[in-house]
Amino acid sequence: MSIPTLEACKKRKRRPKVYGFHSFGEPGYPIRPLGPFRDNIRLFLQECAELENYSVQGMPIWCTLLVHDNRSLVVPLYTIEENVKNSDNPFCDYCRCTGWSNHFVSKRKYHVIIPMDDDWNKPLDDGILDLSTHLLHGLIHCDGFAHLLCINGLEGGSKHLCGRELMDLWDRVCINLRTRKITVEDVSRKRSMELRLLHGVAYGHPWFGRWGYKFCHGSFGVREHIYERALKILSSLELEKIIQDFSDMDQCEELKKIIRYYRYLSETQLVTIKDLLRFMLTVKACFPAQRNSLLPTASSSSSTAKPGEPLKIKPLMKEKSLKYRQFATVVSHMDSRWPARRLEFAAEVIVNALKEKKEKDFKNGGMARQDVRDAARLHIGDTGLLDYVLKSLNNVIVGNQVSEPEKEILPLPLPSPAPVPGIDVYSDVLYLYEHVLLGYPESGLVELASQAVLDAKHFVKECPFRDEKEQLLTIFCQILPNLTDMEIELKRELPPGEIVVLPLNATVGELKQEAESALRDTYCITERFVVMEIKGMEESDDRDVLLGAVHSGTEVGVRGTGIDLDTPLKYQGGSDTWMVRCECGATDDDGERMVACDICEVWQHTRCCGMEDGDEVPRLFICSSCYVSLVPPKTEAVLRFDSSTAFLNGDAEYEPGFVY
């Protein structure tokens, strides 16, 4: 299946609306909406999308075409409007698993989808909403609360778009349309490594943290303070202490090699596992899928290279040789502000300078970095570009020359790779991940901390409230139930207020009217709601001006009549009243596998009950509370768990000599 191009788009009967992929959603481009999301999405579909001549399961589809700046391809961005009254799945499992069960069911959901590359020229089919293979799939409720369901870049099967490009696009669209909060369940992996653990230790936040996603809702009773404490414990593991603790293990020598190798490459000291992992994940961008077979000699293994000193690495064995890659290939994986053609040109200039030097002085053909820089500046004035390329010219092919530290240029043919630390950075990272983060010897504390981070899967981004320079008032209107509506107040926490936007000279009466209109338009339960009064303004006349009485960003309570308590479409969590009370501390559904006791009907995690995920749930299950008289307590196991848990909660001091 060919990728759609601009020429293919021109063959459409209707003139398509085409926008730049990397600029779409920037402030003011292509629209500058100022209202709440429910209004902004309508403006977006009207101005920036084209209604398709077919539907899926009766749901209308709009398409926006995005031109990729660096390639001759056009990416289709589909928007599907789902009316919950006609939907097979009117409730939202994603809201339920992230703590939003108390949100009212919104009338409309909007699915934002970029299909897999091979499906770009095909019409969408009826199962489109159930696939997890889309390059991008986001769900936004018409009240502005959203969920990122999947991102699949190059690692996930995309032929053209990387995950960062897709996340940047999703982030710009959400901010431009004024979504309120966005959740994501982070189950992303790379080479069997859970990225929320790897990036959490290296950077202090998950991969999605680059776009402002923070801890939202943990599984198995993990709270935010436990999550933060666990990250602190893991990231502060000192490398020398790790080597000492592994001294009697088979992995000790390999760990020493890896730590020694990357310490020698680094211009700054690497003290903790956080320092090491962060450096390794940074190095991979400059040396993708390769590493030097050069290691420091044994006599230098205990020292650390000082910043500014030239790198003088001696081969570990004479037979060892290097693996080289085309510089053009390396450039394609770089996250650089310069285009690839400029990077390649700068590399050619640098290599030519080295080649001229070698022709003049064959025995001493090497050049100091500053001399190379000065020679290249005769052709390129951008010193930042030169410094960036100089750092990247490590065991790469430029033209028919090989650039290598100390030796500078070598003729082809190329030597074969060597199985020593550095060939594949991710293999080294995986070794540390498996043996340090997941297999630390004789430390229940490290094990418990790693599990706590792995059990924190749900993250949320809260889009900041923007008070525009325009003369507008943004007010959050929260429903306050009357005495006859106490079911709403007693059963669950009140849902967040709905947004209304008014001019500065708006009156109390106009606020009532706008609040009533917004609530009727947004939620099934308030379809016939009539606003009677605004809390705190009961004595105000409808003609009184709001300015001075409320400020932009204020939340006000509204009371009225007409709440439909008979509709089944009340809360996103559904109408079930089942109870969760697990020994891990969980009191609500977190999306993990559960089982209900056949006596008390209380739900608990199967994992906490000793069942593996692959085990079948027994036909008859009795929880420990109901069975306590028949089963003696496991005192030793409980004490062992409680001591580590107390430290994660910050209720105990960590004693280095004590094994938790």
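This passage describes the fold, confidence, cores and selected contacts of a predicted model.

The chain has 660 residues, and 50% of them are buried. Its secondary structure amounts to 18 helices and 25 strands. Contacts over long stretches of sequence are well represented. Of the contacts with a separation of 6 or more, 70% link residues 24 or more positions apart.

Confidence varies along the chain. The mean pLDDT is 81, and 78% of the residues reach 70 or more. Among the elements, strand S6, residues 136-141, has the highest mean pLDDT, at 98. Strand S13, residues 314-315, has the lowest, at 34. Two segments call for care. Over residues 288-322, pLDDT stays under 50. The model nevertheless has 84 contacts beyond four places in sequence for this segment. Residues 653-660 also have pLDDT under 50 throughout, with 13 such contacts in the model. Where pLDDT is low, predicted coordinates should not be read in detail.

The largest nonpolar core holds 92 residues. Within this core, Trp170, Tyr262 and Ile273 touch the most other members. The surroundings of Trp170 can be listed. Beyond four places in sequence, Trp170 contacts Leu136, Gly138, Leu139 and Ile140, among others. Its further contacts include Val112, His147, Leu148, Ile182 and Tyr213. A second core is separate and has 25 residues. Among its members are Leu502, Leu519, Phe529 and Val556.

Aromatic rings were examined next. The whole structure contains 14 aromatic pairs. One of them joins Tyr261 and Tyr262 in an edge-to-face arrangement. Their ring centres are 4.9 Å apart, and the planes meet at 85°. Both residues of this pair lie below the 20% cut-off for burial. Tyr261 counts as buried because its relative accessibility is 3%. Tyr262 counts as buried because its relative accessibility is 1%. Elsewhere, ring pairs link Tyr19, Phe24, Tyr29 and Phe44 into a cluster. A charged side chain also meets a ring. Arg607 lies over the face of Phe220, at 3.6 Å from the ring centre.

Two buried helix residues show how separate parts of the sequence meet. Leu45 belongs to helix H2, residues 37-48. With a relative accessibility of 7%, under the 20% limit, Leu45 is therefore buried. Leaving out residues up to four places away, Leu45 touches Trp62, Thr79 and Tyr110. Leu45 and Thr79 are 34 residues apart in sequence. Their C-alpha atoms are 8.1 Å apart in space. Ser450 sits in helix H15, residues 444-454. Ser450 has a relative accessible area of 2%, so this residue is buried. Beyond four places in sequence, Ser450 is in contact with Leu197, Leu234 and Leu437.

One sheet was followed strand by strand. This open sheet has three strands in the order S23-S25-S24, and its pairing is mixed. Strand S23, residues 579-580, and strand S24, residues 594-596, are the edge strands. Each of these two pairs on one side only. S24 and strand S25, residues 602-605, run antiparallel and are joined by three bridges. Met594 stands opposite His605 in S25. S24 and S25 form a hairpin, with five residues between them. In the turn, Glu601 has a positive phi of about 60°. On the other side of the sheet order, S23 and S25 run parallel, joined by two bridges. Here Val580 has Trp603 of S25 as its bridge partner. In a regular strand, side chains alternate between the two faces of the sheet.

Key. Residues numbered from 1 in each chain as written. Predicted model: local features only at pLDDT ≥ 70, side-chain atom pairs only at ≥ 80, totals over all residues. Heavy atoms only, no water. pLDDT = per-residue confidence, 0-100. Helix = DSSP H or I, 4+ residues; strand = E, 2+ residues; numbered from the N terminus. Contact = heavy atoms within 4.5 Å. Core = buried A, V, L, I, M, F, W, Y, C linked by side-chain atoms within 4.5 Å. Buried < 20%, exposed > 50% of the residue type's maximum accessible area, 1.4 Å probe, protein only. Pairing = 2+ DSSP bridges. Phe/Tyr/Trp six-rings, centres within 6.5 Å; stacked < 30°, edge-to-face > 60°. Lys NZ or Arg CZ within 6 Å of the ring centre and 35° of its normal.
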